[in-house]
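Biologist: Before we use any labels, I want the reasoning behind them. Show me the structure and I will start asking.

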Amino acid sequence: MDCRTALKLNERYLAEGLSDTVLAEYLEHIQGCESCRDNLMTDYSITRALDQINHNMDFSTDYSKELAQKLERSRQYLLRKKRLRKIRIAIVVLLMLLSVPLSVASSFGTAKFYKPEGSEESLRLQFYGIPETSDPIRNGIIEYNDEAVKKLRALEEGE
Ligand SMILES: [Zn+2]
């Protein structure tokens, strides 16, 4: 960002009206450019003084400390945003990594064949997840499969 753009943005910065992207570029410039820092200091002092006159407040004596704190708050705000973005990306990556073993596990599901007596054809029973092991996602299917096997066994014993 150049000095002219930074200068034009002072007012919007003080009114907290900059988007995150512009704010990042603006702060970077202000940090590295003494003349723009001075200009911002002037604008800040005028804004604050008018504010204090309008609201009948006592004049603050340390605008420069106030502005430094304001700039620091803006930096912290951007840092928090950046951290949140990183966490969000990490979660997406984690979900992608998790989805691979899950889909592999389910595609490897154990198949068992069951041939009822007197029948020509076998039934193919597909078990998902790791048999005898708790798998919160596939538990429902394992239970369903167990129930189906029980019913088939009962049928077999009945015949
Ligand atoms: Zn500058």
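Biologist: What makes R4, K8 and E11 of α1 count as exposed?

Modeller: The cut-off is 12 or fewer other C-beta atoms within 10 Å. R4, K8 and E11 are exposed, and they sit on the other side of α1 from its buried residues. Keep in mind that this is a predicted model.

Biologist: Which residues of α1 are buried?

Modeller: A6, L9 and Y13. Buried takes 20 or more other C-beta atoms within 10 Å. Seen down the axis of α1, the buried residues fall within an arc of 70 degrees, so they line one face of the helix. They pack against α2 and α3.

Biologist: How do you know that α1 spans about what a helix should?

Modeller: Set the reach against the expectation. α1 has 12 residues, and 1.5 Å a residue gives an expected 16 Å. From first C-alpha to last, α1 reaches 17 Å, which is close. Just after α1, E16 has a positive phi of about 55 degrees.

Biologist: Why is L14 called partly exposed?

Modeller: L14 has 18 other C-beta atoms within 10 Å. Buried needs 20 or more, and exposed needs 12 or fewer. The count of 18 lies in between, so L14 is partly exposed. L14 belongs to helix α1.

Biologist: What does L14 touch beyond its neighbours within four places in sequence?

Modeller: D43, Y44 and T47. L14 and D43 are 29 residues apart along the chain, yet their C-alpha atoms are separated by 8.5 Å. A contact is judged on C-beta atoms, within 7 Å.

Biologist: How do you know that the buried residues of α2 line one face?

Modeller: Those residues are L23, Y26 and I30. Down the axis of α2 they stay within an arc of 70 degrees, so they line one face of the helix. The face turned away carries exposed residues: T21, Q31 and G32. There is a general reason for such patterns: an α-helix has 3.6 residues a turn, so residues three or four places apart point the same way.

Biologist: What span does α2 have, and what is expected?

Modeller: α2 reaches 19 Å over 13 residues. The expected value is 18 Å at 1.5 Å a residue, so the two are close.

Biologist: How do α1 and α2 cross?

Modeller: Their axes come within 11 Å and cross at roughly 115 degrees. The crossing is left-handed. From α1, A6, L9 and Y13 make the contact; from α2, V22, Y26, H29 and I30 do.

Biologist: What makes up the largest nonpolar core?

Modeller: 8 residues: A6, L9, Y13, L23, Y26, I30, C36 and L40. α1 (3–14), α2 (20–32) and α3 (34–54) each supply at least two of them. To belong, a residue must be nonpolar, buried and joined to the set through C-beta atoms within 7 Å. In general, nonpolar side chains tend to be buried together in soluble globular proteins.

Biologist: Which residues does A6 touch, leaving out those up to four places away in sequence?

Modeller: M1, Y26, H29, I30, C33 and C36. Y26, I30 and C36 are also core members.

Biologist: How many residues of the protein chain count as buried?

Modeller: 8% of its 159 residues. The chain has 5 helices and 2 strands, in the order α-α-α-α-β-β-α from the N terminus. Among contacts between residues at least 6 apart in sequence, 43% join residues at least 24 apart.

Methods:
Residues numbered from 1 in each chain as written. Predicted model: local features only at pLDDT ≥ 70, side-chain atom pairs only at ≥ 80, totals over all residues. Helix = DSSP H or I, 4+ residues; strand = E, 2+ residues; numbered from the N terminus. Contact = placed C-beta atoms within 7 Å. Arc of directions from axis to C-beta. Axes fitted to C-alpha atoms, helices over the stretch in contact; angles between N-to-C directions. Left-handed = near helix turned anticlockwise from the far one by under 90°.
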